[in-house]
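Here are my notes on the fold, for your read-through. Please check them against the coordinates as you go.

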Amino acid sequence: MKKHILTYALFVCMLGSCSLDGIRTFNTDYFRVDINSKGYIVGMWDRTKENRNFSPTDQPSPLLALYNSQLKRYYYPEKASFSHGKYRLEYENGSVATVKLEEKDRYFKLTLEKLENRDGIDGVQWGNYYTNINNLLGEIIGVARDTSAAVGYAIGALALDDNTIGGESRFTSETGAAGYIAHTPDPEKYPLPVTLHEGQQFTLGGDGINDVAFYNRKEPYYRMLYGNTAGVDCNGRINIRYHSRDRRKPNLIYSPEGVPIQQNNEPNHLMRQAVPGVDYIGSSIAFWGSPDSIALMGVIQNIVKEEGLPYPTFQGKWVKDPTAFMPDLLTYGGLYDSIPSYAKQMGLKVISAYDQGFLNPDRANGGYVDGKEEQRKPFHLSSGDMSHREFADWLAKDGLIFGRTTITNSMSPGTKDCSPIPSDSACIQHRRHLTADLTASDTLIYIDDPTYMNEIACWEGHCKELNMVKIGKELIHYLGVSDTKPYRLLNVTRGYWNTQPSVHKKGDNVDKMQVTVGWAYQGLVPNLELQDELGKLYADMAANSGIGYYDLDGQEFLFHSGFGSYSVKRFFRSMFERAKELGIPDIRFTGATLSEGSWHYQSIWNVGGGQNMYDADKRLWGSTTSQGKDLRDVTYANFFPSSFGGNFPITATSTVEQYEHIEATAVGYGATYSLKVGQKDVESCPQKYAIFNVIKTWEEARRADAFPTHIKKLLQNPDLSWRLEKKVGKDGWTLYQMENGQKGRSFDLYPKQQ
């Protein structure tokens, strides 16, 4: 009788997703998690086959941690109870969290509904969710991938609201990780030298200014980081973490904090602005696991669509769909008569007018970059010069769009929000006050508090020419502050950047400005509210001037207000929502960086170029620097298209064989690139039409999803050469392996049935 009672009790527990030791089990189609009675994940299982527990036995994962930034202390759950789809988590400090856990078909949705006794808790953190996967680190979107044939499984998470961002609560600056870490994707193939250990951090190379020189570690066990949403422990095991912060009050941060970026660029202090109404209550993530082969299109896409996350499309496909990847044209030489014809013959859709230089976003023009009457005509053609709008309309007849390179949110000198009348909504690092009146010519400027005023205005680049304060509507350059009372600014230049020297009164605000970097990038950084308006301006430029593509140089300036990916998400949300209001297509863009905040919105990352990215002659990812290898590893691990950057100009010496290799490698790795085209050089090429046909043939087959995984792996082999030919009179292609210029073995390829 006792045996029957025990059996019945076990059966009841199984129905209730629990066990006798207090562990509860939750399931999706592909993933199972076990959570113990303290609120820790102790089991992560692949439901598609018998497999190991991906949760390390020595490192359980807290469902939700709390953080007190004043004490620099985490609080972890000590007791957990589950009822009616919700967890009640109790903590040592007396806090009680209510977390809703929803079992979806392909992911778990976790939402913080309530936190009682929240005094001192200014941040919450999902995880860290520890795994024993040690293969590919997806530090941007938060994913641990084992791509081996034996395992082939991935575990990850996605933020479901803008205030939940990748990273750990303890890094209050939220700039995100950078530099390198030691992490090998394959300990047997690429063992770490005895002088290194997993997770060891290193700065970027170079002088801290030249971005090409940043990339200086070619060995495969050096991994550049572009985020902090996943990390590795001393054993190389990958963990995942997201966090959310109470942003309703201002706070002093030291930025960038805890991450080595460049040796000569010291962090500095910033009083981060308050954001009314933005709190961690409601923070939500999707937690998922699945076979790696279906993770992007079968799971992540499902989360994005079901949860209403940004879902930009290009040519009718989600921009993360590998069949949507394609090269764009990057112009040089200033001639445009034949450029659209080149694009059509190659089957490409985007022309980036890189030879037009930087387009500075300026709210004064209302999105009419050539003036409302289109009086400027910067595009030169033999038939007559064109404005942006006229050029866009001309291209649209053939289904083409064009783009410009901008400096993202840099408010450059001469634009509405910088000079000659700077905006009161520019981002400030610190607010001090005058302790004496100023005439319009005084250079003795006395302030009440020198704290942090001797720091150069921005950690990135440390450009002294951008160190300034704003008093009223006047910008004033200075370098240094006196050591003793009465404190005064040193080396003062009044009326900086063509602002008007003015009279100021004792007690007036002295605002130390947050800035970008020097050279052509120089400008003021907007606060969050003004940055929202700049995001809308980009949509207005698309609507009024026909720009359908942006190359956002200086994209890292979105971090300079101190909000990390929260700032990035706000900027792009304002841009894309305005575009939707105006009834224009999703904006395609690349940029100087890639982050958790931009991942959903950003189509491609065609950064850098030339032999730094991919050397087609030597068939190497970065023959002069490690940039190509570094960015390839970052993008591939984070389910994002890799890139060759701006590359492969068609010139008098270009050959068909070169572009067969370029396209084969692009398809094999899922890479895009900006094909450099200068009209004079293209016209000098004897094989130009054959090269156009090569690119068109490969790109049509890629778009038709004609390359199975085993073929893509072959295409990645730099020792092999290929030729792709369209089948005559029917759908499909024949892929030939070329040996000494002759066709060898062949593979029949066909469009994948949707």
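The points below cover the sheets, then the helices.

1. Status. This is a predicted model. Please read each point below with that in mind.

2. The eight-stranded sheet. 8 strands form an open sheet, with antiparallel pairing. Their order is 7-8-9-10-23-14-13-12. Strand 7 (77-83) and strand 12 (136-138) are the edge strands, and each pairs on one side only. On average, neighbouring strands of this sheet are turned by 20° against each other, direction ignored.

3. A pair inside that sheet. Strand 9 (residues 96-103) pairs with strand 10 (residues 108-116) in the antiparallel sense, over 8 bridges. For register, take valine 99: its bridge partner in strand 10 is leucine 112.

4. Helices on the sheet. Helix 2 (residues 295-306) lies across strand 14 (153-159) and strand 23 (284-291). Its direction is at about 160° to strand 23. Helix 7 (residues 627-637) lies across strand 12 and strand 13 (143-146). Helix 7 runs at about 75° to strand 12.

5. The four-stranded sheet. Another open sheet has 4 strands in the order 1-2-3-4, again with antiparallel pairing. Strand 1 (24-27) and strand 4 (61-62) each have a single partner strand, so one side of each is left without a neighbour in the sheet. Strand 1 pairs with strand 2 (residues 31-35) over 4 bridges, in the antiparallel sense. Threonine 25 stands opposite aspartate 34 in strand 2.

6. Helix 5 with helix 6. Helix 5 (residues 528-545) and helix 6 (residues 565-582) pack at an angle of about 35°. Their axes are 8 Å apart. The crossing is right-handed. Helix 5 contributes residues including Leu528, Leu534, Tyr538 and Ala543 to the contact. From helix 6 come Tyr566, Phe571, Met575 and Leu582, among others. By class, the residues of this contact divide into 10 nonpolar, 4 polar and 6 charged.

7. Helix 4 with helix 5. How do these two cross? The axes of helix 4 (residues 388-396) and helix 5 come within 8 Å and cross at roughly 70°. Angles from 65 to 115 degrees count as roughly perpendicular, so helix 4 is roughly perpendicular to helix 5. His388, Arg389 and Ala392 of helix 4 meet Ala542, Ala543, Asn544 and Ser545 of helix 5. This contact has 3 nonpolar, 3 polar and 1 charged residues.

8. A shared residue. Please look at Ala543 in helix 5. Ala543 takes part in the contact with helix 6, and Ala543 also meets helix 4.

Notes:
Residues numbered from 1 in each chain as written. Predicted model: local features only at pLDDT ≥ 70, side-chain atom pairs only at ≥ 80, totals over all residues. Heavy atoms only, no water. Pairing = 2+ DSSP bridges. Axes fitted to C-alpha atoms, helices over the stretch in contact; angles between N-to-C directions. Contact = heavy atoms within 4.5 Å. Left-handed = near helix turned anticlockwise from the far one by under 90°. Nonpolar A, V, L, I, M, F, W, Y, C, P; charged D, E, K, R; others polar. Parallel < 35°, antiparallel > 145°, perpendicular 65-115°, else oblique.
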